[in-house]
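Me: I'm new to reading structures, and I get lost when I try to take in everything at once. Could you pick a single part, look at it closely, and then show me how the rest connects around it?

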Amino acid sequence: IEFPRAPQRLPRAVLSVSEVERVLALPNVDDTIGLRDRAILETLYSTGLRRKELCRLSVYDLDVERGTLLVREGKWKKDRFVPVGERALAWIEKYLLEARPRLAIEPDPQALFLGLLGESLDPAWLTNRVRQYVEKALRRKAGCHIFRHTMATLMLEGGADVRFIQEMLGHSSLQSTQVY
């Protein structure tokens, strides 16, 4: 007996470019935490990483020369390289130079993004933090995944090949990507 499958639907929420810009503009980049948060938001939007993937990034996973991040053991324990946009890369570099040294406490866990006590970020904490920015900017509820959906949708609308988007998102099946 074959059970009927639930239909694949488009993601409920996708932000427009202007909405993304409003969210990205919220963190106070003159402050250590604000600078970190801006770098996180820019990274989520530029790469489409899952929240757990972002939390697990190491400072050694960033290749500034090539403009890539190495995602180690993403979903299904697969590694992949993800391109990072120039703007996100600039914010990450600024964070690494100005904010991360102030957050790092020995022994440094070498996580790319650090919490207030020098620890790696927790995925649930990250969701709440991103949700706060989105709610404040747009008065709607959304977490980290909205940046993943937005990035994929805007890339597709901009003419990117669906197979390239599939690789960026780390989908093993093209069907998962074709939802966009």
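Reply: Let's begin with a term: accessible areas come from the Shrake-Rupley method with a 1.4 Å probe, and for residues, only the protein chains shown count as cover. For this protein, the accessible surface comes to about 10,400 Å², and 51% of that belongs to carbon and sulfur atoms. You're looking at a predicted model, where local features need pLDDT of at least 70 and side-chain atom pairs count only at pLDDT 80 or more, while totals for chains, interfaces and linings use all residues. Residues are numbered from 1 along each chain as its sequence is written, and side-chain values use heavy atoms, leaving out hydrogens and water.

Quick overview before we zoom in. The protein has eight helices and three strands (DSSP runs numbered from the N terminus: H or I of at least four residues for helices, E of at least two for strands). From the N terminus on, the order is α-α-α-β-β-β-α-α-α-α-α. Of the 180 residues, 49% are buried. Here buried means under 20% relative accessible area, exposed means over 50%, and partly exposed is in between, with a 1.4 Å probe and protein chains only.

My pick for the close look is the loop between helix 4 (86–103) and helix 5 (123–138), where you'll find Ile105. Ile105 counts as partly exposed because its relative accessibility is 42%. Together with Leu116 and Leu117, Ile105 makes a nonpolar surface patch of about 340 Å². (Patches use residues with over 30% relative accessible area and no salt bridge; like charges are joined within 9 Å, and nonpolar side chains, meaning Val, Leu, Ile, Met, Phe, Trp and Tyr, within 5 Å.)

Now for the backbone. Most residues other than glycine have a negative phi, and most peptide bonds are trans. In this loop, the bond from Glu106 to Pro107 is cis, with omega near -5°. Gln110, found in the same loop between helix 4 and helix 5, has a positive phi of about 65° although it isn't a glycine. At 26% relative accessibility, Gln110 counts as partly exposed. Look past helix 5 and there's Arg139, in the loop between helix 5 and helix 6, with a positive phi of about 55°. Arg139 is exposed, at 74% relative accessible area.

Helix 4 and helix 5, which flank our loop, are among the elements that cover the buried residues of helix 1; helix 2 (32–47) and helix 6 (145–157) are included too. Those buried residues of helix 1 (17–24) are Glu19, Val20, Val23 and Leu24. They sit on the same side of helix 1 because they cover an arc of only 135° around the axis, the arc being that of the directions from the helix axis to the C-beta atoms.

Over in strand 1 (residues 62–63) is Leu62, which counts as buried at 13% relative accessibility. Beyond its neighbours within four places in sequence, Leu62 is in contact with Thr68, Leu69, Leu89, Ile92 and Leu96, contact meaning heavy atoms within 4.5 Å. Leu62 and Leu89 are 27 residues apart along the chain, with 9.2 Å between their C-alpha atoms.

What about charges? A salt bridge is a side-chain nitrogen of Lys or Arg within 4 Å of a carboxyl oxygen of Asp or Glu, and the whole structure has 12 of them. One joins Arg72 to Asp61, with the closest N and O atoms 2.6 Å apart. Arg72 lies in the loop between strand 2 (68–71) and strand 3 (80–83), and Asp61 in the loop between helix 3 (51–55) and strand 1, so the pair ties together parts 11 residues apart in sequence. Arg72 is partly exposed at 46%, whereas Asp61 is buried at 3%. Glu21, Arg38, Glu42 and Arg87 are linked in a network of salt bridges.

Last stop, the cysteines. A search for disulfides (pairs of cysteine sulfur atoms within 2.5 Å) finds zero. The sulfur of Cys55 is 7.3 Å from the closest cysteine sulfur, in Cys144, which is too far for a bond. Cys55 is buried at 8%, and Cys144 is buried at 3%.
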